[in-house]
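Here are a few exercises on side-chain contacts. Grab the coordinates, try each one yourself, then check the worked solution.

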Amino acid sequence: MEDEGEAVASASNSYNQTPLPLFNVEIPEAVKRAENVMFTIHTSVPGQEKGHIVLRQFEDFEWLHHNLIVSNNIEGVIIPPLPAKPLSDPKSAEALSRRQLGDHTRVLRGDQFETDCKAFQKYLQLMLCHHVFGRDTNLASFLTDNEAPVRARVNKGLMNRLTNALDNARKGNHKDVDDYFTAQRHFANEYSKAAKEASLNFNKLLVAQWRLSSQYRILATELTSCEAERDESLVKLNRILKLLSEGCEDEAACYELKSGQGEMTLGLYFDLMARYSDH
């Protein structure tokens with residue numbers, strides 16, 4: 001019995017001493033199933049070829065986030081924020097697209113699951129590298145068990161909002177020990193405001209690029225439709241209209257590329273910083 005106890009203790013110590021992250025994680029795709037968006041998660045242990053492939057939806061991530069918080073001592077801990085729930089309702093996605101591109105746009109954006117994949121992948125990577133949450137068994141089970149964990153309803157009602165409001169009010173009226181901490185608090189508040197403002201303004205830039213792309217495509221269509229009759233005297237005009245239409249299509253593709261790349265790189269970073277500021 002003593003030998004078994006020593007073996008268990010040795011295995012536990014080895015697990016606790018293993019450098020973080022314990023797993024490599026990637027979310028290559030997400031697909032819509034009924035009313036849910038299902039994320040495909042590839043998980044592997046560093047140095048090993050074989051891994052796990054599991055399917056998870058937003059509510060599974062939400063339940064994981066809840067369990068990680070309630071199962072650990074989070075006093076003074078910065079918690080990676082959970083990304084927003086992906087839009088799975090076609091009407092909501094269309095409404096968002098029209099808000100971004102304009103009510104009269106003829107071009108609607110497709111789903112943004114690729115961006116959601118990157119956001120949730122980053123969330124898992126942050127949790128895996130976290131000194132508090134990285135070794136939590138809830139996280140390991142989430143990434144390796146074939147079936148998603150059984151969920152209970154997470155209470156996000158009025159009492160939670162009141163508790164957060166009271167905590168913020170209590171902390172806001174708390175007097176710091178010295179001027180150094182007062183200055184640090186002021187810096188944190190101003191940094192939080194700047195992060196949110198930067199995220200908002202960058203999203204406005206991306207939307208403007210999408211709108212320009214949409215208008216270029218409309219212009220290209222109109223130029224094509226107003227092509228003159230096949231008259232010898234108007235052949236030159238037809239060529240000019242065709243070149244203008246092709247130029248508009250090229251500009252539209254260019255702005256779409258810029259916006260898409262910006263959304264997947266700097267946009268994700270700004271969004272992450274803004275979500276950190278909300279917690």
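**Exercise 1.** Which residue forms a salt bridge with Asp60, and how many Å apart are the closest N and O atoms?

*Solution.* First, some ground rules. This is a predicted model, where local features need pLDDT of at least 70, side-chain atom pairs count only at pLDDT 80 or more, and totals for chains, interfaces and linings use all residues. Residues are numbered from 1 along each chain as its sequence is written, and side-chain values use heavy atoms, with hydrogens and water left out.

Step 1: apply the criterion, a side-chain nitrogen of Lys or Arg within 4 Å of a carboxyl oxygen of Asp or Glu. Asp60 pairs with Arg151, and the closest N and O atoms are 2.6 Å apart.

Step 2: place the partners. Asp60 sits in helix α2 and Arg151 in the loop between α5 and α6 (158–172), so 91 residues separate them; helices (H or I, at least four residues) and strands (E, at least two) are DSSP runs, numbered from the N terminus.

Step 3: check exposure, with buried meaning under 20% relative accessible area, exposed over 50%, and partly exposed in between (1.4 Å probe, protein chains only). Asp60 is buried at 2%, whereas Arg151 is partly exposed at 39%.

**Exercise 2.** Find the salt bridge that Arg217 forms with Glu249, and work out which network the two belong to.

*Solution.* Step 1: the closest N and O atoms of Arg217 and Glu249 are 2.4 Å apart. Step 2: Arg217 lies in helix α7 (residues 179–225) and Glu249 in helix α8 (residues 235–264), so the bridge ties together parts 32 residues apart in sequence. Step 3: both ends come out as partly exposed, Arg217 at 22% and Glu249 at 30%. Step 4: follow the shared partners, and Arg217, Glu249 and Glu256 join into one network. The full count by this rule is six salt bridges.

**Exercise 3.** Describe the ring geometry of the Phe39–Phe120 and Phe61–Phe142 pairs.

*Solution.* Step 1: set the rule. Rings of Phe, Tyr and Trp (its six-membered ring) pair if their centres lie within 6.5 Å; planes under 30 degrees apart count as stacked, over 60 as edge-to-face and the rest as tilted. That gives eleven aromatic pairs.

Step 2: Phe39 and Phe120 are 4.8 Å centre to centre with 45 degrees between the planes, a tilted pair. Phe39 is in strand β2 and Phe120 in helix α4, so the pair bridges parts 81 residues apart in sequence. Both score 0% relative accessibility, Phe39 and Phe120 alike being buried.

Step 3: Phe61 and Phe142 are edge-to-face, at 5.0 Å and 65 degrees. Helix α2 holds Phe61 and helix α5 holds Phe142, and both rings are buried.

Step 4: chain the ring pairs, and Phe39, Phe58, Phe61, Phe120, Tyr123 and Phe142 form a cluster.

**Exercise 4.** Which residues touch the most other members of the largest nonpolar core?

*Solution.* Step 1: build the core as a set of buried Ala, Val, Leu, Ile, Met, Phe, Trp, Tyr and Cys residues joined through side-chain atoms within 4.5 Å. Step 2: it has 28 residues, and Ile27, Phe39, Ile41, Phe61, Leu124, Leu139 and Leu143 touch the most other members. Step 3: sort by element: β1 (24–33), β2 (36–44), α2 (58–70), α4 (113–128) and α5 (137–144) each give two or more residues, and α4 gives the most, seven.
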